[in-house]
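Thanks for coming. I will talk through one structure today, starting with the whole chain and ending with single residues.

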Amino acid sequence: MTSDTQFKAWRVEEQDGDYKGSEQTLDIKELPAGDVLIKVSHSSLNYKDALSASGNKGVTRSFPHTPGIDAAGEVIESATGTPAVGSQVIVTGYDLGMNTDGGFGEYIRVPSEWCVSMPAGWNAETAMTYGTAGLTAGLCVQKILTMGAKPEQGKVTVSGASGAVGSIAVELLAKLGFDVVAISGKTDHAQSLKELGATEVVGRDALAEGKKPILKPVFANAVDTVGGTPLAELLKQIQPGGSVSCCGLVAGPQLQTTVLPFILRGVNLLGVDSVEIPLAEKEAIWKKLAGDWKCPKAEASAKRIGRVELDAALKAFLKSESAGKIVLDHAV
Ligand code: NDP
């Protein structure tokens, strides 16, 4: 049992239809039911946290609420003994940070089935330099590999390349030997995307809305993190038999396409969910990211912030101004 009874959390409250986050002191007794009490040393920031913190009811139904869909730290209490008290764990997705108080608090209490053991050689901070974004990038890459994507087939592209998922996908694909074309709306990030391993960086115009139902197939495979019109345009430019992993919706949830890429070129559109998949699937990707799929450049470039900087950082996500990974360190 922890000797602490109170802890700090960045909590969002509703005030006359407006949503405001601030640091508050909570009692551990106020945490929801669960088998495992975790002292969270690090969390990381995701687009979904920005939606939760701004009152998006599709993400968080009721307030006050502590966001943070990612958390890593030490097990303090464990009703089932698994994970063991004193062990380090990672928790991402399921209901964490949505309607269950999340990693922006120094403690969380969750079901044991949500906890992944920390991969060998990693600590909580390293795990959170990847967070849900790294897990999702890994799942996106794994999906196209499972469909047979190979470097010799031609260029692979990543949309939303400067974002958290995109930047890890760029580095991972380059590490696996792919010729990576990064698609980014941030001209000032071209150099950093090249440093991550992109051989070419092109503007979002490459996926601007057009009237033609099918285009020259310039990409063998793709990881799409933005959805909407750019994804529809991307599908028109995939080579026969190529695959596109789709995980995001920053450019919109609607996908207006024809069947032509699918029936003329046999293109595969592969959905990626990092939230509700079985724990074993998450564990397998975490092990790869801590091993052969390690992305040292993304790790090194992750920005570390304290709770006091959360408000500004989350607002930047909503304005598409965020780039790379941001780690929340509760000790800062
Ligand atoms: P970020 O905000 O870090 O990155 C998104 C990037 O998309 C931006 O940096 C920008 O990159 C680009 N972008 C933003 N707005 C637009 C727009 N209107 N049109 C085209 N491109 C745009 O988010 P994440 O990388 O963390 O997440 C990306 C998406 O994946 C989000 O929608 C998120 O909700 C989703 N997601 C899904 C998961 C799942 O399990 N399916 C898990 C994690 C995330 P640039 O300027 O380089 O173009």
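What follows is a walk through the chain, its domains, its cores and a few aromatic rings. Please keep in mind that this is a predicted model.

Start with the whole chain. The chain contains nine helices and 15 strands. Along the principal axes, its C-alpha atoms fill a box of roughly 65 × 45 × 35 Å. For 332 residues, a compact globule would have a radius of gyration near 20 Å, and the chain has 20 Å, so the two agree.

How much of the chain is buried? Buried residues make up 53% of the 332 residues. The accessible surface comes to about 14100 Å², and carbon and sulfur atoms hold 52% of that. Now take the contacts in the chain with a separation of 6 or more: 70% of them join residues that are 24 or more positions apart.

Next, the domains. The domain assignment gives domain 1, which is 6-118 + 302-329, and domain 2, which is 131-271. Note that domain 1 is written as two stretches of sequence. Taken over C-alpha atoms, the centres of the two domains are separated by 29 Å. In terms of contacts, 13 residues of domain 1 meet 13 residues of domain 2.

That brings me to the cores. The largest nonpolar core has 59 residues, and the members that touch the most others are I38, V110, V170 and L173. Which helix gives the most to this core? Helix α2, residues 124-146, does, with eleven residues. Where does the core sit relative to the domains? Domain 1 and domain 2 both give residues to this core, so it lies between them.

Take L173 as an example. Setting aside residues up to four places away in sequence, L173 touches V141, I144, V156, V158, F178, V180 and V223. There is also a second, separate core, made of 15 residues, and among them are W10, L45, A313 and L314.

Now a residue of helix α2. L139 lies in that helix. Is L139 buried or exposed? Its relative accessibility is 9%, and buried means under 20%, so L139 counts as buried. Which residues does L139 contact, leaving aside neighbours within four places in sequence? They are V272, D273, S274, I277 and I285. L139 and C247 are 108 residues apart along the chain, yet 9.3 Å separate their C-alpha atoms.

Last, the aromatic rings. A pair of aromatic rings is described by the distance of the centres and the angle of the planes. The count here comes to six aromatic pairs. One of them is Y94 with W114, which is stacked, at 5.8 Å centre to centre and with 25° between the planes. Y94 lies in the loop between β5 (88-92) and β6 (107-110), while W114 lies in the loop between β6 and β7 (115-117), so the pair ties together parts that are 20 residues apart in sequence.

Both rings belong to buried residues: Y94 has a relative accessible area of 9%, and W114 has a relative accessibility of 14%. Elsewhere, W122, Y130 and W286 form one aromatic cluster.

To go back over the main points: the largest nonpolar core lies between domain 1 and domain 2, helix α2 gives the most residues to that core, and Y94 and W114 form a stacked pair. That is all from me.

Note on methods
Residues are numbered from 1 along each chain as its sequence is written. This is a predicted model: local features need pLDDT of at least 70, side-chain atom pairs count only at pLDDT 80 or more; totals for chains, interfaces and linings use all residues. Side-chain values use heavy atoms; hydrogens and water are left out. A nonpolar core is a set of buried Ala, Val, Leu, Ile, Met, Phe, Trp, Tyr and Cys residues joined through side-chain atoms within 4.5 Å. Buried means under 20% relative accessible area, exposed over 50%, partly exposed in between (1.4 Å probe, protein chains only). Helices (H or I, at least four residues) and strands (E, at least two) are DSSP runs, numbered from the N terminus. Domain bounds come from an automatic or database domain assignment. Contact means heavy atoms within 4.5 Å. The radius of gyration is taken over C-alpha atoms; the globule rule is 2.2 Å times the number of residues to the power 0.38. Accessible areas come from the Shrake-Rupley method with a 1.4 Å probe; for residues, only the protein chains shown count as cover. Rings of Phe, Tyr and Trp (its six-membered ring) pair if their centres lie within 6.5 Å; planes under 30 degrees apart count as stacked, over 60 as edge-to-face and the rest as tilted.
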